[in-house]
Amino acid sequence: CHRHRNITVIRDTFYGDDISYIITAVFDETAADTGTIRSMLPVYMLSPTAIIIFLLIVIGATVLTGFILSRWIGHSILEPLDVIRGGAKQIADGNFDFHMDVVSSDEFSEVRDEFEIMREKLKSAENDRITHEKKRKELLSGISHDLRSPLTSIKGYCLGLKDGIANTDEKKNRYYDAILTRSNDMERLLGSLSELVRLENAKEHIHPEPLQVEAFLLQFIKEQESLFKENHVTVRFDSNLDGCKAEIDADEMRRVFTNLLENTMKYRTGAESNVWIEAVVDQPSGELYILFSDDGPGVPEETLPYLFDSFYRVDDSRTKPENGSGLGLAIVKEIIEGHGGRVEAYLAEGLGIRIILPLKKEG
């Protein structure tokens, strides 16, 4: 490109098909109109300094954009990912008591919420596992403790018979009766234990159907009349249900009241017992309350929360299995919870048991 005064000459050479082509362009400002000059100015008037400044601006803008973008990615993506990665490590280490604070976009907030739901479920499952493991250990400990006493007695009586200590028919019969009694105690214990294990997943074994609760309770009392008379038990019943229905497995619910009656007769201090059964609807909650109470010796108030634990006895005595296996109320609890209800102990004239069940909603 050559420029002399008001004339600009541009020459360029290129090759093709073994032939050299030369193009020459001549621009004369004096002969061009104003529009043409204006359109040509950017072509030949861009100085090297301007080009360098332009390139520096482009490079600076690119660097600044990259810096801002990297900061945004670090704050909006990498930091939340680090928090979630740390939460995953906490769970892998067995720690479920933490909370993730993720401040980011809606997408990561959704991930955090789902992660929190998973953490809560895992925590609940772990707590259930720990509780179940604790119950299993207590159950094994209780079984071994309660079986040891009758087994020791049976062994002692057998040795007495073998060594000739029972040298008369009367003594032999006493030893035989004692062995039979201890064997029956063990049989009852194992039967209760088998029942408790069966009810461990009570909802799988309970098959409720809609029943009129008042009619069911009256029928049960009528069925047990001979037992009440034989054991000097007087039962008083009261109800305001007026035909209300609940989803009840009749066989399992009979087991509940049978266990409660056996408890009353087992731990009473006198020759006779008075039992009150009351069925009412709790108006605020709309739930069915069945109250079972007796006039027995009751229990200390501080022991009420533990009465439904397996093998629990108020005096913590495990030397007399004939006084109860400590599984009766545990079975009651499993059956009631299998019906979707709950059971509580309270102090009445003696001991009171409150059974709370959901009512069947008509229509």
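The following paragraphs describe the overall make-up, the five-stranded sheet and the aromatic contacts of a predicted model.

Because the model is predicted, local features are reported only at a pLDDT of at least 70 and side-chain atom pairs only at pLDDT 80 or more, whereas totals for chains, interfaces and linings use all residues. Residues are numbered from 1 along each chain as its sequence is written, and side-chain values use heavy atoms, with hydrogens and water left out.

The secondary structure of the protein comes to nine helices and ten strands, where helices (H or I, at least four residues) and strands (E, at least two) are DSSP runs numbered from the N terminus. Of the 363 residues in the protein, 30% are buried, a class that requires under 20% relative accessible area, with exposed meaning over 50% and partly exposed in between (1.4 Å probe, protein chains only). The accessible surface comes to about 23,500 Å², and carbon and sulfur atoms contribute 55% of that area, as computed by the Shrake-Rupley method with a 1.4 Å probe. Among contacts (heavy atoms within 4.5 Å) between residues at least 6 apart in sequence, 63% join residues at least 24 apart.

An open sheet of mixed pairing is formed by five strands in the order S5-S7-S8-S10-S9, with two strands taken to pair if DSSP finds at least two bridges between them. Its edge strands, each pairing on one side only, are S5 (233-239) and S9 (342-347). Neighbouring strands of this sheet are turned by 15° against each other on average, direction ignored; the axes are lines fitted to C-alpha atoms, for helices over the stretch in contact, and angles run from 0 to 180 degrees between N-to-C directions.

Strand S8 (residues 287-294) is joined by seven bridges to strand S10 (residues 351-358), the two running antiparallel. Within this pairing, Leu288 stands opposite Leu357 in S10, and Ile290 stands opposite Ile355 in S10. Eight bridges join S7 to S8, again in an antiparallel arrangement, and here Leu288 in S8 is the bridge partner of Val281. The hairpin of S7 and S8 has four residues between the strands, and Gly286 in this hairpin takes a positive phi near 70°. Eight of the eight residues of S8 are buried, so this strand is largely enclosed by the rest of the structure. The cover extends to both faces of S8, with Glu287, Tyr289, Leu291 and Ser293 buried on one side and Leu288, Ile290, Phe292 and Asp294 buried on the other.

At the S9 edge, six bridges join S9 to S10, which run antiparallel, and the two strands form a hairpin with three residues between them. One of the bridge pairs places Ala345 opposite its partner Ile353 in S10. Arg354 lies over the face of Tyr346, at 4.5 Å from the ring centre; the criterion is that NZ of Lys or CZ of Arg be within 6 Å of the ring centre and within 35 degrees of the ring normal.

Two helices are described here as packing on the sheet. Continuing from the pairing of S8 with S10, helix H6 (residues 213-223) packs on the sheet through S5, strand S7 (273-282) and S8, with a direction that makes about 170° with that of S5. Helix H9 (residues 328-338) touches S9 and S10, and its direction makes about 135° with that of S9. Eight of the eleven residues of H9 are buried, so this helix is largely enclosed by the rest of the structure; the buried residues are Leu329, Ala330, Ile331, Val332, Glu334, Ile335, Ile336 and Gly338. Gly340, which follows H9, has a positive phi near 80°.

The structure holds two aromatic pairs, for which ring centres of Phe, Tyr and Trp (its six-membered ring) must lie within 6.5 Å, planes under 30 degrees apart counting as stacked, over 60 as edge-to-face and the rest as tilted. Tyr157 and Tyr175 form an edge-to-face pair, at 5.1 Å centre to centre and with 65° between the planes. This pair links helix H3 (residues 106-162), which contains Tyr157, to helix H4 (residues 169-198), which contains Tyr175, the two residues being 18 apart. Tyr157 counts as partly exposed because its relative accessibility is 26%, whereas Tyr175 counts as buried at 18%. The pair of Phe220 and Phe257 is tilted, at 5.8 Å centre to centre and with 45° between the planes. Phe220 lies in helix H6 and Phe257 in helix H8 (residues 250-267), so the pair ties together parts that are 37 residues apart in sequence. Both Phe220 and Phe257 are buried.
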